[in-house]
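Okay, hi everyone, thanks for coming. I'll take you through one protein chain today, from the outside in, and then we'll stop at a few single residues. Here it is.

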Amino acid sequence: MGTAEELIRNYVDATSAADGEKAAALSADDLVIELPDGATLEGKEGARQFAAKHGEIDGRKQSVRLTALEARGQDRFVATLEMSSREIASDEVLYSMDVGSVFEVRDGLVARNRVFPSPDEAAAAAG
């Protein structure tokens, strides 16, 4: 079994690759993903749906890369992620920006992922 940091990195990588099965395998059965617009995705199916948002859509691919991870206790972490969107045909970067997330880990699985528009908002929410 790896560390919580490795788990989060693998989860982010799976989500970015639109690999819903791998993201679900790294998620608790009762996973809760809270999105900035107030929407909530739940369980392993929620992990699959969240990963699907990172697949190719209308000739574009959204991806996310973990750039920093800070422990805020044994099971809570604040992440800075670089989110980008590329035009598949030209490989042109349409946008790239830093976003934030608060992850909670339980029993070696991601139990909660709260997504924020900025790393500062994630850090403030984590306390």
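Let's start with the surface: the chain exposes about 6800 Å², and carbon and sulfur atoms supply 47% of that. Before I go on, keep in mind that this is a predicted model.

How about charges? There are 14 positive and 24 negative side chains, and the centres of the two sets lie 1 Å apart.

Now the overall dimensions. Along its principal axes, the C-alpha trace spans about 45 × 30 × 30 Å. For 127 residues, a compact globule would have a radius of gyration near 14 Å, and this chain has 14 Å, so the two agree. Buried residues make up 39% of the 127. And if you take the contacts between residues at least 6 apart in sequence, 44% of them join residues at least 24 apart.

Next, the secondary structure. We have 4 helices and 7 strands. Reading from the N terminus, the order goes α-α-β-β-α-β-β-β-β-β-α.

So what's inside? The largest nonpolar core has 27 residues, and the ones with the most contacts inside it are Ile-8, Tyr-11, Val-12, Ile-33, Phe-50, Leu-81 and Phe-103. Plenty of elements chip in at least two residues each, including α1 (4-16), α3 (43-52), β5 (76-87) and β6 (93-106). Which helix or strand gives the most to this core? That's α1, with 6 residues.

Take Ile-8 as an example. Skipping its neighbours within four places in sequence, Ile-8 is in contact with Leu-66, Leu-69, Phe-77, Phe-103 and Val-105. There's also a second, separate core of 5 residues, with Val-78, Val-102, Phe-116 and Ala-122 among them.

Right, on to single residues. Find Asn-113 for me, in strand β7. Is Asn-113 buried or exposed? Its relative accessibility is 2%, so Asn-113 counts as buried. Beyond the residues up to four places away in sequence, Asn-113 touches Tyr-11, Leu-31, Val-32, Ile-33, Glu-34, Phe-50, Ser-101, Val-102 and Phe-103. You've heard some of those names already: Tyr-11, Ile-33, Phe-50 and Phe-103 were on the list of residues with the most contacts inside the largest core.

Now look at Ser-85, over in strand β5. Ser-85 is at 6% relative accessibility, so it counts as buried too. Its contacts, again leaving out residues up to four places away, include Arg-60, Lys-61 and Gln-62, plus Glu-92, Val-93, Leu-94 and Tyr-95.

Let's move to the loops. Ala-18 sits in the one between α1 and α2. Ala-18 comes out at 31% relative accessibility, and therefore counts as partly exposed. Its phi is near 60°, which is a positive value in a residue other than glycine. What does Ala-18 contact, apart from its neighbours within four places in sequence? Ala-51, His-54 and Gly-55. That last pair is worth finding on the screen: Ala-18 and Gly-55 are 37 residues apart in sequence, but 5.0 Å apart in space, C-alpha to C-alpha.

Last stop is Asp-58, in the loop between β3 (56-57) and β4. Asp-58 also isn't a glycine, and it has a positive phi of about 55°. Asp-58 is exposed, with a relative accessible area of 72%.

That's my tour. Any questions?

Conventions:
Residues numbered from 1 in each chain as written. Predicted model: local features only at pLDDT ≥ 70, side-chain atom pairs only at ≥ 80, totals over all residues. Heavy atoms only, no water. Core = buried A, V, L, I, M, F, W, Y, C linked by side-chain atoms within 4.5 Å. Buried < 20%, exposed > 50% of the residue type's maximum accessible area, 1.4 Å probe, protein only. Contact = heavy atoms within 4.5 Å. Rg over C-alpha atoms; globule rule 2.2 N^0.38 Å. Areas by Shrake-Rupley, 256 points an atom, 1.4 Å probe, with all protein chains shown as cover. Lys, Arg positive; Asp, Glu negative; His and termini not counted. Charge placed at Lys NZ, Arg CZ, Asp CG, Glu CD.
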